[in-house]
There are 2 protein chains.
Amino acid sequence: MVERGGDPARELGALTFAEAGQAHTVGITGAPGAGKSTLNSALMDVVRGRDQRLAMLAVDPSSPFTGGAILGDRVRMQDHVTDDGVYIRSMATRGHLGGLSLATPQAVRVLDALGWPWVVIETVGVGQVEVEIAGAADTTVVVVNPRWGDAVQANKAGLMEIADIFVINKADRPGADDTRRDIQQMLELSTLGSWYPPIVPTVGVDGTGVEELWDHVLAHREHLAESGELEERRRQRVEVEFAEILHRSIEARVAVLADTPVNVELRGRLATREIDPYAAVDELLRRADGSLS
Amino acid sequence: MVERGGDPARELGALTFAEAGQAHTVGITGAPGAGKSTLNSALMDVVRGRDQRLAMLAVDPSSPFTGGAILGDRVRMQDHVTDDGVYIRSMATRGHLGGLSLATPQAVRVLDALGWPWVVIETVGVGQVEVEIAGAADTTVVVVNPRWGDAVQANKAGLMEIADIFVINKADRPGADDTRRDIQQMLELSTLGSWYPPIVPTVGVDGTGVEELWDHVLAHREHLAESGELEERRRQRVEVEFAEILHRSIEARVAVLADTPVNVELRGRLATREIDPYAAVDELLRRADGSLS
């Protein structure tokens, strides 16, 4: 319903907004091929092993239009398909105002209101939008590989800004230590708050380091709660969402106005120079105020 | 008054809009260093030599804030300073809604309503906005130089789209013939209407080719009038301006809202989850309609 957008999505959003705010959201982002889904499958094993329930949303605009199908191509995920303590969905939007960047927080809110304690959002850290979606989580995990330099060169600064935890996945490959030093150097040049992002080496295929990764997520959640940063982050996040919805609503309103008979009439009067463009805009907005709000 | 913007500019715009529509506007655009002002100075000699009056607006956002001073740095222009048949102004905007892209058509309208038969708009063909301003004229002249390739590589397609006349200025330098062939080739690949853009070699410093350039401008004006394209272009241009004003007006309206107690109140209710972001946007826009229209 959220993915389809429109009035039902808004109604659902309104119903769940008041109830949400209990779940802890974890954004996991990284370049294509960084091994995010293998890592996430291993993470599910760990979280389920600790008897916690977990929902996972995969947001990948570049993948084929799987539109809500479970991630059947991700073989290891199939272990979890029949597990009631796990929810997995590949997000796609059909008509949602604002696309994935506005649909994702609404989807998280539904899962949150339904009582899922952990919501993991997986995105491909390529485009600006996908990085923003992951960075809008309570805890953001950035996944890189040994010799990451070339793969994410363009976006390094952006990833530095959002990372609460760094994961060097495929850490059994050569170059893992160099990559750790590289990240440490970049962190030393960054302006950090009271949280110093840990760097966690993992091997997704055999689960090495994944228990430690989850321990760091728990530590970060505790840090956010104790420092008061959790409330501040969530408040800011709602404001960003508000501004984005406002922007999109205005765009939609202009598009609707373009199709109205009033507009056709005004454009005719413009063509005959009976009215000037500024006066025409004023009149369009004045007449629209009554009919569109 | 137009450059300062605000209510006086709008009033002036309303007064002049009904009277305007007689002047023929010529946009002249090209990369920095293409010799546009030398060429324009030579063009003034030609037009004045034919006993025509001519107004010239220089739109150059990258130049120092000359704010309405005559173009004193353009030495040859000084020949025309005491000539009543010439009006020269360097456009700058201080507070005009929408900046140069909305101030320029209003300035043209004032000159038009005052009876100037020719209005030349000179812009630097670098940014998208400046190319759009020049391309919004009745006749658009694109000025290039021999070996133009490197200078305008990125923008070639955009220039092809708007050019009614090509000028190869500094045509006494090596490479002019190659440049002509290059342009011809690109034109053959373009979708053209019933007007085939002529390619005119000029030497601005000694006036070579500038009589021919003005003849092509006159021919293009005649073509526009006979084909009915002039009315169609002007109609489209007003519609583009209308859409731009509409967009800017709504943006301005929302910017005003950001500072209102209504917005502060709504953000407070958002923070306490009393209202969801979509409902908050709806309420903000609804209240804006009542208070600002």
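**Exercise 1. The relation between the two chains**

Determine by what turn and what shift chain A can be laid on chain B, and with what RMSD.

Solution. In this predicted model, a turn of 179° and a shift of 0.5 Å along the axis lay chain A on chain B with an RMSD of 0.6 Å. That is the relation of a two-fold axis.

Next, take the contacts between the chains. On one side 31 residues of chain A take part, in contact with 32 residues of chain B. The elements of chain A that each supply at least two residues to the side touching chain B are α1 (6-17), α9, α10 (261-271) and α11 (277-292). Of this side, α9(A) gives the largest share, 10 residues.

Last, compare the two sides. The copies meet through the same surface, because 100% of the interface residues of chain A are also interface residues in chain B.

**Exercise 2. Chain A as a whole**

State how many helices and strands chain A has, and what part of its residues is buried.

Solution. The secondary structure of chain A consists of 11 helices and seven strands. Of the 293 residues in chain A, 42% are buried. For the contacts in chain A with a separation of 6 or more, 75% are between residues 24 or more positions apart.

**Exercise 3. Helix α8 of chain A**

Find which residues of α8(A) are buried and which exposed residues are on the face turned away from them.

Solution. Start with the dimensions. Helix α8(A) covers residues 210-227, which is 18 residues. From first C-alpha to last it reaches 26 Å, close to the 26 Å expected at 1.5 Å a residue.

Then list the buried positions. A residue counts as buried when 20 or more other C-beta atoms lie within 10 Å of its own. In α8(A) the buried residues are V210(A), L213(A), W214(A), V217(A), H220(A) and L224(A). They lie on the same side of α8(A), because they cover an arc of only 115° around the axis.

Now turn to the other face. Away from the buried side, α8(A) carries the exposed residues L218(A), E222(A) and E226(A).

Finally, identify the cover. The elements of chain A over the buried residues of α8(A) include the strands β1 (24-30), β5 (139-144), β6 (165-168) and β7 (199-201), together with the helices α2 (36-49) and α9 (229-258). Just after α8(A) comes G228(A), with a positive phi of about 80°.

**Exercise 4. Strand β2 of chain A**

Establish which way the residues of β2(A) point and with which strands β2(A) pairs.

Solution. In a regular strand the side chains alternate between the two faces of the sheet. In β2(A), L54(A), M56(A) and A58(A) point one way, while A55(A), L57(A) and V59(A) point the other way. Six of the six residues of this strand (54-59) are buried.

For the pairing, β2(A) joins β3(A) (86-91) in the parallel sense over six bridges, and β4(A) (118-124) in the parallel sense over five bridges. M56(A) has a bridge partner in each: I88(A) in β3(A) and V120(A) in β4(A).

**Exercise 5. The sheet of chain B**

Give the strand order of the open sheet in chain B and name its edge strands.

Solution. The seven strands, with parallel pairing, have the order β3-β2-β4-β1-β5-β6-β7. The edges are β3 (86-91) and β7 (199-201) of chain B, since each pairs on one side only. On average, neighbouring strands are turned by 20° against each other, direction ignored.

As one pair, β5(B) (139-144) and β6(B) (165-168) run parallel over four bridges. Here V144(B) has I168(B) as its bridge partner in β6(B). Helix α2(B) (36-49) packs on the sheet and touches β1, β2, β3, β4 and β5 of chain B, its direction making about 170° with that of β4(B).

**Exercise 6. Two residues of chain B**

Decide whether V108(B) and T123(B) are buried or exposed.

Solution. V108(B) is in helix α3(B) (99-113), where 13 of the 15 residues are buried. V108(B) counts as buried because 23 C-beta neighbours lie inside 10 Å. Leaving out residues up to four places away in sequence, V108(B) touches T25(B), V119(B) and I121(B).

T123(B) lies in strand β4(B). With 27 C-beta neighbours inside 10 Å, T123(B) counts as buried. Its C-alpha atom is separated by 6.2 Å from that of A58(B), 65 residues apart along the chain.

Note on methods. Residues are numbered from 1 along each chain as its sequence is written. Chains are lettered from A and ligands numbered from 1 in the order in which they are written. This is a predicted model: local features need pLDDT of at least 70, side-chain atom pairs count only at pLDDT 80 or more; totals for chains, interfaces and linings use all residues. The expected span of a helix is 1.5 Å times one less than its number of residues. A residue is buried if 20 or more other C-beta atoms lie within 10 Å of its own, exposed if 12 or fewer, and partly exposed in between; C-beta atoms are placed from the backbone. The arc is that of the directions from the helix axis to the C-beta atoms. Two residues are in contact if their C-beta atoms, placed from the backbone, lie within 7 Å. Two strands pair if DSSP finds at least two bridges between them. Axes are lines fitted to C-alpha atoms, for helices over the stretch in contact, and angles run from 0 to 180 degrees between N-to-C directions. Copies are superposed by least squares on the C-alpha atoms of residues with pLDDT of at least 70 in both.
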